[in-house]
Amino acid sequence: MTAITASRQAQKSRFELNAAKTLETAALLLIIAFILLPIMWLAITAIKPQEKAYSTTLIFTPTLENFDIIFSDDSVIINEGTDRERGEVGRNMFPSVINSVVVSGATILIAIPLATLAAYAFSRYQFLGNGILLIWILTTQFIPAIVVAIPFFTLFRTVVILDRPLLGTQLGLIIVNMSIVLPYAIWMIKGFVDALPDEIEEAAFVDGCNDFQILFYISLPLIRPGVLVASVFAFIMSWNEFLFALIIGREMRTMQVALMTTSGARGIMWEQMAAAGLVVMIPIFFLAMFIRKNVVDGLTMGAVK
Amino acid sequence: MRKKRWVPWVLVGPALLIIVLTTIYPLVAALYFSFHKYRLRKPPQFAISIGEGGISIDWSLLTLDNYALAFSDSRFINSLQVTFWFTVISVALSVIMGLFIAVVVQKGGRLHTLTKVLLIFPFAVSPALKGYSWRFMLNENYGIYDLLIDQLIVGPVNAVLSLVNLLPIIEIPLISESIVWLGDKFWALFMLAMSETWGWAPLIALMFVGALGSIDEQIFEAARIDGANRLQIFFRVTLPLLRPVILIVTMLKTIFSLKMFDQVVTMTGGGPVRATQTINYYIHQIGFVRSLDIGYASAMSYILVIVLTICAALYVSLVLNRD
């Protein structure tokens with residue numbers, strides 16, 4: 001009697017187990033589809049010929065002509081051998097790629113060394129008000145970008161460098177980017193310095209190294225991987241930044257703002273937007289894979305562990 | 001150990017100087033602007049002027065008009081409401097979906113691991129691009145989402161509804177298959193929140209996965225031995241243990257949502273009829289697109305600063321009190 005009940009229970013639970021497993025697999029597939037669909041669809045549309053882009057069809061001959069178009073100087077492209085228009089064209093996006101690379105690159109070249117020194121000091125020294133300063137730096141992250149953009153917009157209209165107002169220049173955008181990148185990088189790098197045991201530094205001190213020798217010859221080489229991760233984060237941050245690029249960068253279009261130039265007389269030219277979108281996304285995609293393990297800490301400043 | 005007092009200041013100094021210049025300067029300047037009549041079209045007259053006779057202050061140029069205007073401007077009130085509802089919807093969806101994803105992918109298995117790797121993907125898509133791609137996919141004529149929603153959700157639901165309607169009890173109206181998602185006030189705001197959820201739920205899931213990983217497996221084992229089923233384990237064990245992390249993540253996401261701007265520009269343009277005009281978007285419109293009223297834009301952004309300061313204080317105290 002008990003044996004029968006037991007085997008029945010085993011059968012029932014095996015059935016339940018299978019059902020649960022199927023349900024779980026279904027849920028996983030659903031999650032995968034939810035995540036991948038927008039990215040896949042962007043990639044598919046980018047290689048669709050223009051006449052197929054405005055439909056959900058998956059039957060088409062892949063083409064790179066959309067990339068030709070977004071990197072072309074013409075305003076209308078005519079199909080070779082015919083006089084049929086291949087498409088109205090936004091502005092050539094090549095200068096925008098350069099702008100994005102220069103602005104993001106210069107932003108990290110300035111911010112990361114300064115942030116590294118500051119982070120090291122916050123981690124290793126006790127000095128007047130260091131705790132409060134650190135919290136204050138954390139809270140600057142919550143200042144809305146618009147409140148930074150307004151005064152810098154009015155200031156940069158009047159500040160002239162090399163005969164040009166700073167408004168709408170790469171330099172102007174780099175300066176404003178500091179307000180978000182620098183505090184962020186300090187916190188992030190401080191996390192890496194904190195994780196480093198300071199016995200080696202102590203030993204070097206006992207051996208007669210001064211503060212700066214310890215910093216440059218002992219500590220910096222050891223935290224280099226962390227600094228690299230922080231640089232990647234800072235690069236992604238300024239590459240994807242939109243509000244400053246729109247208000248301060250203006251006609252010096254970064255790629256994020258250049259996406260808007262795919263809007264023509266007939267509305268947004270989606271096949272061009274998709275191609276430009278891939279250009280914006282792919283470098284960040286690889287960088288994101290590189291910092292995969294640090295993303296959670298990076299987003300929450302280590303608050304969730 | 002190392003005693004030289006000036007060393008840390010040399011190290012911190014340059015970074016601190018730049019942070020002060022790029023955050024404190026604009027905060028002070030915007031506050032100052034907000035008490036003035038200041039439109040871009042003509043040079044502003046400021047209360048404090050530095051002339052030959054030193055600094056002079058003309059009190060009559062200071063005004064509270066911009067703040068008074070904010071609270072009587074129905075469009076600003078509207079942007080507060082839009083931002084509030086956007087925040088509520090996007091935070092709720094992101095956290096709940098993040099929890100769901102985390103619980104599903106948590107265990108080891110090949111498909112689980114693959115999904116965990118994929119969770120990072122939306123992080124690579126910039127907010128501006130996110131807005132455009134969702135707008136494209138929601139297009140009522142050729143959008144892939146529009147097609148999928150009609151085929152997979154609206155179709156089956158309508159089929160069930162028509163069956164129910166066969167019974168002569170009540171007549172339930174069918175769901176329209178031709179909803180213009182971004183042309184409808186409710187759906188535009190909802191889809192804006194969905195695009196945000198697409199970007200954030202996987203990242204929030206990653207945060208929860210990390211937190212779940214640090215919980216002792218024996219706790220779950222004990223609950224299982226005591227005969228708890230999966231739902232009971234989730235609500236009675238997992239959820240209470242995750243509570244502190246959920247609070248922090250919710251607060252963090254709330255702060256991000258209150259600052260919503262990028263996708264509004266690229267996805268809905270604030271429309272239809274201001275239904276998705278968030279505070280940031282409206283400030284941008286006033287300051288840089290329409291009336292070019294810097295004084296008023298500054299005043300409104302200060303109201304946003306105050307709201308965010310409260311949230312930031314809550315967030316910081318949550319984080320600091322954890323350990």
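How many of the 9 residues of helix α8 (residues 217-225) of chain B are buried? The count is 0, so to speak an empty list: helix α8 of chain B is hardly covered. Just after α8(B) comes B:Gly227, whose phi is positive, near 90 degrees. Please keep in mind while reading that this is a predicted model.

## The two chains

Let us start with the chains themselves. Chain A holds 13 helices and 6 strands, while chain B holds 12 helices and 2 strands. Following chain B along its sequence, you meet the pattern α-β-β-α-α-α-α-α-α-α-α-α-α-α. The radius of gyration of chain B is 26 Å, well over the 20 Å given by the globule rule for 323 residues, so chain B is more spread out than a compact globule. Its C-alpha trace spans about 85 × 70 × 30 Å along the principal axes.

The table puts some values for each chain next to one another.

| Chain | Residues | Buried residues | Share of contacts (residues at least 6 apart in sequence) that join residues at least 24 apart |
|---|---|---|---|
| Chain A | 305 residues | 44% buried | 71% of contacts |
| Chain B | 323 residues | 41% buried | 72% of contacts |

## Where the chains meet

Now look at the place where the chains touch. Here 77 residues of chain B are in contact with 70 residues of chain A. On the chain B side, helix α1 (residues 6-34) gives the largest share, with 18 residues. Sorted by class, that side of chain B has 60 nonpolar, 13 polar and 4 charged residues.

## Two domains in chain A

The domain assignment of chain A gives domain 1 (2-88) and domain 2 (94-300). Taken over C-alpha atoms, the centres of these domains are separated by 33 Å. The domains also touch: 15 residues of domain 1 of chain A are in contact with 13 residues of domain 2 of chain A. On the domain 1 side, α1 (2-46), α2 (50-53), α3 (65-70) and β2 (85-88) of chain A each supply at least two residues. The residues on that side of domain 1 divide into 9 nonpolar, 4 polar and 2 charged.

## A covered helix

Which residues of α6(A) are buried? To find out, turn to helix α6 (residues 145-158) of chain A. At 1.5 Å a residue, its 14 residues should span 20 Å, and its end C-alpha atoms are 21 Å apart, which agrees. This helix is mostly covered, with 11 of its 14 residues buried. The buried residues are A:Ala145, A:Ile146, A:Val147, A:Val148, A:Ala149, A:Ile150, A:Pro151, A:Phe152, A:Phe153, A:Thr154 and A:Phe156.

What covers them? Both chains take part: the cover includes β4 (164-165), α7 (170-194) and α10 (243-249) of chain A, together with α1, α11 (279-289) and α12 (294-320) of chain B. For a single residue, try A:Ala149. Leaving aside neighbours within four places in sequence, A:Ala149 is in contact with A:Leu243, A:Phe244, A:Ile247 and A:Ile248.

## The nonpolar core

A:Ala149 appears again in the largest nonpolar core, which has 169 residues. Together with A:Ala115, A:Ala118, A:Leu182 and A:Ala185, A:Ala149 touches the most other members of this core. The largest share of the core, 17 residues, comes from helix α7 (residues 185-213) of chain B. Domain 1 (2-88) and domain 2 (94-300) of chain A both give residues to the core, so it lies between them.

## Two residues in a loop

Finally, let us visit a loop in chain B. Most residues other than glycine have a negative phi. B:Val273 has a positive phi of about 45 degrees, although it is not a glycine. B:Val273 is found in the loop between α10 (262-268) and α11 of chain B. Is B:Val273 buried or exposed? With 11 other C-beta atoms within 10 Å, B:Val273 is exposed.

B:Arg274 is also found in the loop between α10 and α11 of chain B. Phi of B:Arg274 is near 65 degrees, a positive value in a residue other than glycine. B:Arg274 has 16 C-beta neighbours inside 10 Å, so it counts as partly exposed.

Technical notes
Residues are numbered from 1 along each chain as its sequence is written. Chains are lettered from A and ligands numbered from 1 in the order in which they are written. This is a predicted model: local features need pLDDT of at least 70, side-chain atom pairs count only at pLDDT 80 or more; totals for chains, interfaces and linings use all residues. Two residues are in contact if their C-beta atoms, placed from the backbone, lie within 7 Å. Helices (H or I, at least four residues) and strands (E, at least two) are DSSP runs, numbered from the N terminus. Ala, Val, Leu, Ile, Met, Phe, Trp, Tyr, Cys and Pro count as nonpolar, Asp, Glu, Lys and Arg as charged, and the others, Gly among them, as polar. The radius of gyration is taken over C-alpha atoms; the globule rule is 2.2 Å times the number of residues to the power 0.38. A residue is buried if 20 or more other C-beta atoms lie within 10 Å of its own, exposed if 12 or fewer, and partly exposed in between; C-beta atoms are placed from the backbone. The expected span of a helix is 1.5 Å times one less than its number of residues. A nonpolar core is a set of buried Ala, Val, Leu, Ile, Met, Phe, Trp, Tyr and Cys residues joined through C-beta atoms within 7 Å. Domain bounds come from an automatic or database domain assignment.
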